[in-house]
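User: Hey, got a minute to go through a model with me? I'd like to talk about salt bridges and empty space.

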Amino acid sequence: MKKILYATSEAVPFIKTGGLADVAGALPKCFDKRYFDVRVVLPKYECIAQKWKDQMKYITNFYMEMGAQSCYVGIFYMEFQGIKFYFIDNEYYFSGPTPYSSAPWDLEKFAFFSRAVLSILPVIGFRPDIIHCHDWQTGLVPVYLNDKFQGGEFFRGIKTIMTIHNLKFQGVWDVPTIKSITGLSDYYFVPDKLEAYKDANFLKGGLVFADAITTVSNTYAEEIKTPFYGEGLDGLMCARAHDLRGIVNGIDYDIFNPETDPDIPFNYNATTFRKEKVKNKVALQKELGLEQDPKCMMIGIVSRLTDQKGFDLIAYVMDELCQDNVQIVVLGTGEERYENMFRHFDWKYNNKVSANIYYSEPMSHKIYAACDAFLMPSLFEPCGLSQLMSLRYGTVPIVRETGGLKDTVEPYNEYECTGTGFSFRNYNAHEMLNVIRNAERIYYDRKREWNKIVDRGMARDFSWNNSAAQYEELYNWLIG
């Protein structure tokens, strides 16, 4: 029985701000329980919903040295969907309305968490073969394991994996502050360990000391070895290329299932979508006050409205795009200029554009189910989950060829009749517009071909089971 511990700053259903929570909450369920005992540890935030806190059982508490002070560490526990979750309690660090606030406070908070993850293991009587660390918040786990915890028999031989969900976020602050927070010696604050460009970098520490590194798609694993995508760590990624691999994230096929989804008015599957899917479109047109036309091509966007997601491209050609026979439905919040851009076009083309500047999970499901195409022109995208959801719902993705988008959306080839979506390579607004218009042409003039693209997309398997099989192989390789 191989024992794996996931160390993460968030996990569904307890706390979620992004895709990391989906990975940490959904992936552990997918391993074969005969061979893998996978458990999860995360902070016990004050902002976790009360219904979950009521189900947590208190185990014990102790005090842990942290820099120059002694800190309280409480341990809570609950089982959810067959997985054991541990929660590290400390009101000083984990109170507040959100899991993250700002540096340097967040760095102190997650330095404490990283150290506590290791400190609780003998107390709960669980000695993992591998600690699987996620993003910069757990970057110090491999560092502390190499440092303070190497003396005892208990910790000897524990392996670590560092998974990068988005290399842009690294946990960086000045060296003197981090040195006093972490209690680590000068030995660690040099350019081949935690120091990067005169500052201390949590993620870099994790990447230097971890036994293996993964990221969330094959293409992104290659991209981060280059200066454009490498966020200043491309040299380190090249140096550790032998230990780096990309494994695409999945989505929960039970939650994202058009056949059983309670959030959509008309359920359908891969055989009934031709008749049933369009009913969701008409229902959404009615709900959002768009012109009710079942034949009009509807393009969906569900996203954070930020530069990373390619909204400068959309802004550049939005007027031109609105001249076409399409409807555009947007859901999300983000940078003010993009929120206002969509509000403006909603006002200008009221029966064609619907700007929903908020976030709602049920509304996102309605959009995946109702739209014909889904637009995702990201500048960079480590994995991306929206395109996987749109494929699952028979909504054809239109994406830029980067990161996980390139790995999961096969571009349509008119001559070979292959592909699950449409894509463009260069980060260029008119190249994007040309691809959208090519998709419109297929949609309006070659409807049978369009339906075959939908067929192929719905037949693809991007469930967590697929990802879990690749992680199992990695764990087996690492443990030997």
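Analyst: Sure, here is a chat about salt bridges, a pocket and a cavity. This is a predicted model, so I keep local features only at pLDDT of at least 70 and side-chain atom pairs only at pLDDT 80 or more, while totals for chains, interfaces and linings use all residues. Residues are numbered from 1 along each chain as its sequence is written, and side-chain values use heavy atoms, with hydrogens and water left out.

User: OK, how many salt bridges are there?

Analyst: The count is 27 salt bridges, where a salt bridge is a side-chain nitrogen of Lys or Arg within 4 Å of a carboxyl oxygen of Asp or Glu.

User: What does D455 pair with?

Analyst: D455 makes a salt bridge with R274, at 2.8 Å from N to O. D455 sits in helix α17 (residues 447–459) and R274 in helix α10 (residues 273–288), so the pair links parts of the chain 181 residues apart. Helices here are DSSP runs of H or I with at least four residues, strands are runs of E with at least two, and both are numbered from the N terminus.

User: Buried or exposed, or something in between, for D455? And R274?

Analyst: D455 is partly exposed at 26% relative accessible area, and R274 is partly exposed as well, at 44%. For the cut-offs, buried means under 20%, exposed over 50%, and partly exposed lies in between (1.4 Å probe, protein chains only).

User: Which residue does E414 bridge to?

Analyst: E414 bridges to R441, with the closest N and O atoms 2.7 Å apart. E414 is in the loop between α15 (403–408) and β18 (422–424), R441 is in helix α16 (residues 429–445), and 27 residues separate them. E414 is partly exposed at 22%, and R441 is partly exposed at 32%.

User: And how far apart are the closest N and O atoms of E449 and K452?

Analyst: They are 4.0 Å apart in that salt bridge. The two residues are three apart in helix α17, which means about one helical turn lies between E449 and K452. E449 is buried, at 9%, whereas K452 is partly exposed, at 37%. Elsewhere, D307, E335 and R337 are joined into one network by salt bridges that share partners.

User: Switching topic: what's the volume of the second largest pocket?

Analyst: About 270 Å³. On a 1 Å grid over the protein atoms alone, a pocket is an open set of points with protein on both sides within 12 Å along at least five of seven lines, a cavity is a set where a 1.4 Å probe fits but cannot get out, and lining residues have an atom within 4 Å of a point. Grid points are joined across faces, edges and corners, and a volume is the space filled by probe spheres set on the points.

User: Which residues lie nearest the centre of that second largest pocket?

Analyst: R274, V278, D372, K447 and N451 do, out of 15 lining residues. Helix α10 gives the most to this lining, five residues. The lining of the second largest pocket divides into seven nonpolar, two polar and six charged residues. Ala, Val, Leu, Ile, Met, Phe, Trp, Tyr, Cys and Pro count as nonpolar, Asp, Glu, Lys and Arg as charged, and the others, Gly among them, as polar.

User: How many cavities of 30 Å³ or more?

Analyst: One, with about 40 Å³ of space. Its lining includes S390, T420, I453 and M458. Helix α17 supplies the largest share of that lining, four residues. The lining of the largest cavity has six nonpolar, five polar and no charged residues.
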